[in-house]
Amino acid sequence: MADQDAQSPVGIRPSALPSIRWAEPPEGPAVALLDQTRLPAEEVELLCADVPALVRAIQTLAVRGAPLLGIAGAYGVALAAARGDDVAEASELLERARPTAVNLGYGVRRASRAYWAALDKGEDAQRAAAVALAEAEALHREDAEASRRMAQYGLALLEELLPGGGHQLLTHCNSGALVSGGEGTAFAVALGAHRAGQLRRLWVDETRPLFQGARLTAYEAARHGMAYSLLTDNAAGSLFAAGEVDAVLIGADRIAADGSVANKVGSYPLAVLARYHHVPFIVVAPTTTVDLQTPDGASVIVEQRPGQEVTELTSSRVGAGGEARGLPVAPLGTQAYNPAFDITPPELITAIVTEEGVVSPVTGVGLAELCARSSQVTIS
């Protein structure tokens, strides 16, 4: 197993390092990731030379975000195949890495099916590995296109709901290029509003306990020259009360068949606030995030993260022993409740925006009809 770093300085433009790419260094194939645990201080590329290294990167959130996890899962299968490893075992390891984000399993299954289909047709292992890689690369391209189309549909929806521009948009966690093969999901809509001169301010929830909003969304917003302000998660209510939020935009990690949305914990309270204050609450996600096999929000498996993420402030800088150094903020032995996600029911959601169009009002029937137009809906 090998994890290697290649570092570039932080400048004022969007990163020259892609969020994910297939690499062919002299020592063999690898999946290269922009290590999100090191942002915003450093732009560091992490090379995962085998599937266990990639699984570790997924579990430590070096790579994260539903669409990007799907791409990572597909590249992981291709990596195992290229190395001559057990593809079935690698696929199982990858699928189990994070249970809530449905895209991860989708990407793994898509690439592994391509691999096994090639073998069934009589291709040798090397050719089957190339087929798996081609499938992963196709998923990567498709996600970039989905991002572009979601931004178009989302911007049109904002113009319909909030005519006149000058939007003040609030977002939670990170949903930009760091979670996507393109420019993101919810963040891509806000970026489109910025480019159209319609964004007055982007309110960025810091998103505790790992601060993906502060570390990652603010990083992306700054690089694009967007007007943004960072706020503590528990300050959102005062913004709504002051009339300073025109719409909420979030991504999703899994959308159940009834339209319930699992997203980074803290999303559900925003939906409640938005409903009380008559503010649109909009979810932006590709159809690969829709799981028609999960009937409702109560059926979503919510990942429980280590309590240490709450009881300590963890530095992105790694100690001599390879572990991240943490500063205790609670007494030793404190038990912590740390779900990675919460569930927002469909009745609190104004619209779900996908690359195939918009569902509003959000119902199971409407979601199924939209998904019928897509060939990429998640299947078992």
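Two strands count as paired when DSSP finds at least two bridges between them. I begin with that criterion because it is needed for the first feature of this model, which is a predicted one.

Strand S9, residues 254–256, and strand S10, residues 261–264, are joined by two bridges and run antiparallel. Arginine 254 has alanine 262 as its bridge partner in S10. In general, the strands of a sheet pair through backbone hydrogen bonds, in either a parallel or an antiparallel manner. S9 and S10 belong to an open sheet of four strands, in the order S12-S9-S10-S15, and the pairing within that sheet is mixed. Its edge strands are S12, residues 290–291, and S15, residues 341–344, each of which pairs on one side only.

Let me turn to the helices, and to helix H3 in particular. H3 spans residues 87–95, and its buried residues are Val87, Ala90, Ser91 and Leu94. Why do these residues lie on the same side of H3? They cover an arc of only 100° around the axis, and that places them on one side of the helix. As a general point, an α-helix has 3.6 residues a turn, so residues three or four places apart point the same way. Against what do the buried residues of H3 pack? Their partners are helix H1 (51–59), helix H2 (66–83) and helix H4 (102–120). At the N-terminal end of H3, aspartate 86 acts as the cap, with a side-chain oxygen 3.0 Å from the backbone nitrogen of alanine 88.

The next topic is charge. Side chains of opposite charge can pair when their charged atoms come close. This structure holds 16 salt bridges, and I shall present three of them.

One links glutamate 42 to arginine 38, with the closest N and O atoms 3.1 Å apart. Are these two residues buried or exposed? Glutamate 42 has a relative accessible area of 12% and is buried; arginine 38, at 14%, also counts as buried.

Another joins glutamate 145 to arginine 148, where the closest N and O atoms are 2.4 Å apart. Both residues are in helix H5, residues 125–161, and because they are three residues apart, about one helical turn separates them. Glutamate 145 is partly exposed, with a relative accessible area of 34%, and arginine 148 is partly exposed at 41%.

The last of my examples is formed by glutamate 309 and arginine 305, with 2.7 Å between the closest N and O atoms. Glutamate 309 and arginine 305 are both buried. They also take part in a network of salt bridges that links Arg98, Glu303, Arg305 and Glu309.

I move on to aromatic rings, of which the structure holds two pairs. In one of these, tyrosine 115 and tryptophan 116 meet edge-to-face, 5.0 Å from centre to centre and with 75° between the planes. Tyrosine 115 is buried, at a relative accessible area of 9%, whereas tryptophan 116 is partly exposed, at 39%.

Finally, I draw attention to one loop residue. Where is glutamate 206 found? It is in the loop between strand S6 (199–205) and helix H7 (212–223). Glutamate 206 is buried, with a relative accessible area of 8%. Leaving aside residues up to four places away in sequence, glutamate 206 touches Phe211, Gln212, Gly213, Ala214, Leu230, Leu231, Thr232 and Asp233.

Definitions and conventions: Residues are numbered from 1 along each chain as its sequence is written. This is a predicted model: local features need pLDDT of at least 70, side-chain atom pairs count only at pLDDT 80 or more; totals for chains, interfaces and linings use all residues. Side-chain values use heavy atoms; hydrogens and water are left out. Buried means under 20% relative accessible area, exposed over 50%, partly exposed in between (1.4 Å probe, protein chains only). The arc is that of the directions from the helix axis to the C-beta atoms. Contact means heavy atoms within 4.5 Å. A polar contact is a pair of N or O atoms within 3.5 Å; within protein, one must be able to donate a hydrogen and the other to accept it, and residues adjacent in sequence count only if both atoms are side-chain atoms. A salt bridge is a side-chain nitrogen of Lys or Arg within 4 Å of a carboxyl oxygen of Asp or Glu. Rings of Phe, Tyr and Trp (its six-membered ring) pair if their centres lie within 6.5 Å; planes under 30 degrees apart count as stacked, over 60 as edge-to-face and the rest as tilted.
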